[in-house]
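Here is a short tour of one chain, written to be read with the model open in your viewer. Let's start with the sheets and then work through to the helices.

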Amino acid sequence: MSDLLDRLRGRGWRMTAQRRVIAEVLDGDHVHLTADEVHARAAARLPEISRATVYNTLGELVSLGEVIEVSTDRRAMRYDPNAHRPHQHLVCGRCGTVRDVHPTGTPLADLPESERFGFTISGVDVTYHGLCPACASSA
């Protein structure tokens, strides 16, 4: 599990019913939901939750650094609660499934000094693309 709820409680984040249900929906490994998916799952648990509350809470969680926004293609932004565990993403090009992956090595080490153009690099985002087993078997 991602430990999102524990991290938020540790920060003293005011845990309203709406915020709690959003955090619960986001908690876990391999969670990469769109805002609309978060809203639908949260509304199933708390029918009165508004779309605006979901969007505002997601924005706050991103600002706090507790959730990261993941852009895997030209589709909707996805929200990943595994903000404190370094990882990359594996994306199915057909159905859009996203999985967290933890490759060995350091992607930054693969960029030669001559290709850094004097930049001080603060991070690396790598996304692997392919077909998940279900999509590959139906191809």
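## What counts as pairing

Before turning to the sheets, one convention is handy: two strands are said to pair if DSSP finds at least two bridges between them. Please also keep in mind that this is a predicted model.

With that in hand, one open sheet is built from 3 strands in the order 5-4-6, and its pairing is mixed. Strand 5 and strand 6 each have a single partner strand and stand at the edges, so one side of each has no neighbour in the sheet. On average, neighbouring strands here are turned by 25 degrees against each other, direction ignored.

## Around strand 4

How do the two pairings of strand 4 run? With strand 5 (residues 98–101), strand 4 pairs in the antiparallel sense over 4 bridges. With strand 6 (residues 127–130), strand 4 runs parallel, and 4 bridges join the two. If you would like residues to click on, L90 stands opposite R99 in strand 5, and Q88 stands opposite V101 in strand 5. On the strand 6 side, V91 has H129 as its bridge partner.

Strand 4 (residues 88–92) has 4 of its 5 residues buried, so the rest of the structure largely encloses it. Strand 5 shows two faces: V98 and D100 lie on the covered one, while R99 and V101 lie on the uncovered one. The hairpin of strand 4 and strand 5 has 5 residues between the strands, and G96 in this hairpin takes a positive phi near 85 degrees.

## The other sheet

There is also an open sheet of 3 strands with the order 1-3-2 and antiparallel pairing. Its edge strands, strand 1 (33–34) and strand 2 (68–70), each pair on one side only. Strand 2 and strand 3 (residues 78–80) run antiparallel and are joined by 3 bridges. For a residue pair to look at, E69 has Y79 in strand 3 as its bridge partner.

## The nonpolar core

Which residues touch the most other members of the largest nonpolar core? Out of 21 residues in this core, they are I22, L26, V38, I49 and L61. Helix 1 (4–10), helix 2 (17–26), helix 3 (35–45) and helix 4 (51–64) are the elements that give two or more residues to this core. Helix 2 provides the largest share, with 5 residues.

I49 is a nice residue to select and explore. Setting aside neighbours within four places in sequence, I49 is in contact with Q18, V21, I22, H39, A42, A43 and V54.

## How helix 2 meets helix 4

At what angle do helix 2 and helix 4 pack? The angle is about 70 degrees, and the axes of helix 2 and helix 4 are 10 Å apart. Since angles of 65 to 115 degrees count as roughly perpendicular, helix 2 is therefore roughly perpendicular to helix 4. The crossing of helix 2 and helix 4 is right-handed.

On the helix 2 side, the residues that meet helix 4 are Q18, R19, I22 and L26. Their counterparts in helix 4 are T53, V54, T57, L58, E60 and L61. Two names here come back from the core list on the helix 2 side, I22 and L26.

## The chain as a whole

Stepping back, the chain has 5 helices and 6 strands. Read from the N terminus on, its elements run α-α-β-α-α-β-β-β-β-β-α.

Taken along the principal axes, the C-alpha atoms of the chain fill a box of roughly 55 × 40 × 25 Å. How much of the chain is buried? Buried residues make up 35% of the 139 residues. Among contacts in the chain with a separation of 6 or more, 50% come from residues 24 or more positions apart.

Methods:
Residues numbered from 1 in each chain as written. Predicted model: local features only at pLDDT ≥ 70, side-chain atom pairs only at ≥ 80, totals over all residues. Heavy atoms only, no water. Core = buried A, V, L, I, M, F, W, Y, C linked by side-chain atoms within 4.5 Å. Buried < 20%, exposed > 50% of the residue type's maximum accessible area, 1.4 Å probe, protein only. Contact = heavy atoms within 4.5 Å. Axes fitted to C-alpha atoms, helices over the stretch in contact; angles between N-to-C directions. Parallel < 35°, antiparallel > 145°, perpendicular 65-115°, else oblique. Left-handed = near helix turned anticlockwise from the far one by under 90°.
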